[in-house]
Amino acid sequence: AMNRVQLLGRVGQDPIMRQVEGKNPVTIFSLATNEMWRTGESEVTQGGEIWHPTLLFLCILGDISQKTTWHRISVFRPGLRDVTYQYVKKGSRIYVEGKIDYGEYTDKNNVRRQATTIIA
């Protein structure tokens, strides 16, 4: 089995460091990834008046669509946790590698919630 995630995106807010009593500290931040695509038809056209195989261009007609996904990142490893907290800032473009963790917690209204976190 494999649980591995690779993300490239922009940091949503300055990282914060939290420590729950009896547990190791963790640095937490959000990361936005964007997916862009064109909707519409595709056609291949030849460029220039003289045909040459290297002059083929792909013309994509249509509108550009975009989807932004927000990811919660948690960094537990001591060295990486501290460097992340000190140097990563809102708006930074960074690469994150880690694993997906699905967890549950109870909010302040005593409602059970699910949370997806990337453990870097």
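Which strand gives the most to the lining of the largest pocket? I began my notebook with this point, keeping in mind that the model in front of me is predicted.

**Entry 1, the pocket.** I looked up the largest pocket and found a volume of about 520 Å³. Its lining is made of 17 residues, and those closest to the pocket's centre are Val 26, Ile 28, Arg 72, Ser 74 and Phe 76. When I sorted the lining by class, I noted seven nonpolar residues, together with five polar and five charged ones.

**Entry 2, the strands around the pocket.** I then asked where the lining comes from, and I wrote down strand 3 (26-39), strand 6 (63-75), strand 7 (93-106) and strand 8 (112-119), each of which supplies at least two residues. Strand 7 answers my opening question, since the most comes from this strand, with four residues.

**Entry 3, the partners of strand 7.** I followed strand 7 next, and found that strand 1 (residues 5-11) is joined to it by six bridges, the two strands running antiparallel. In this pairing I noted Arg 10, whose bridge partner in strand 7 is Arg 93. Strand 7 also pairs with strand 8, again in the antiparallel sense, and here I recorded eight bridges. Thr 106 is the residue that stands opposite Arg 112 of strand 8.

**Entry 4, the turn.** I finished at the link between these strands, where strand 7 and strand 8 form a hairpin that has five residues between them. Within the turn I looked up Asn 110, and its phi is positive, at about 65 degrees.

Technical notes
Residues numbered from 1 in each chain as written. Predicted model: local features only at pLDDT ≥ 70, side-chain atom pairs only at ≥ 80, totals over all residues. Heavy atoms only, no water. 1 Å grid on protein atoms, 1.4 Å probe; cavity = no way out; pocket = protein on both sides within 12 Å on 5 of 7 lines; lining within 4 Å. Points joined across faces, edges and corners; volume = space filled by probe spheres on them. Nonpolar A, V, L, I, M, F, W, Y, C, P; charged D, E, K, R; others polar. Pairing = 2+ DSSP bridges.
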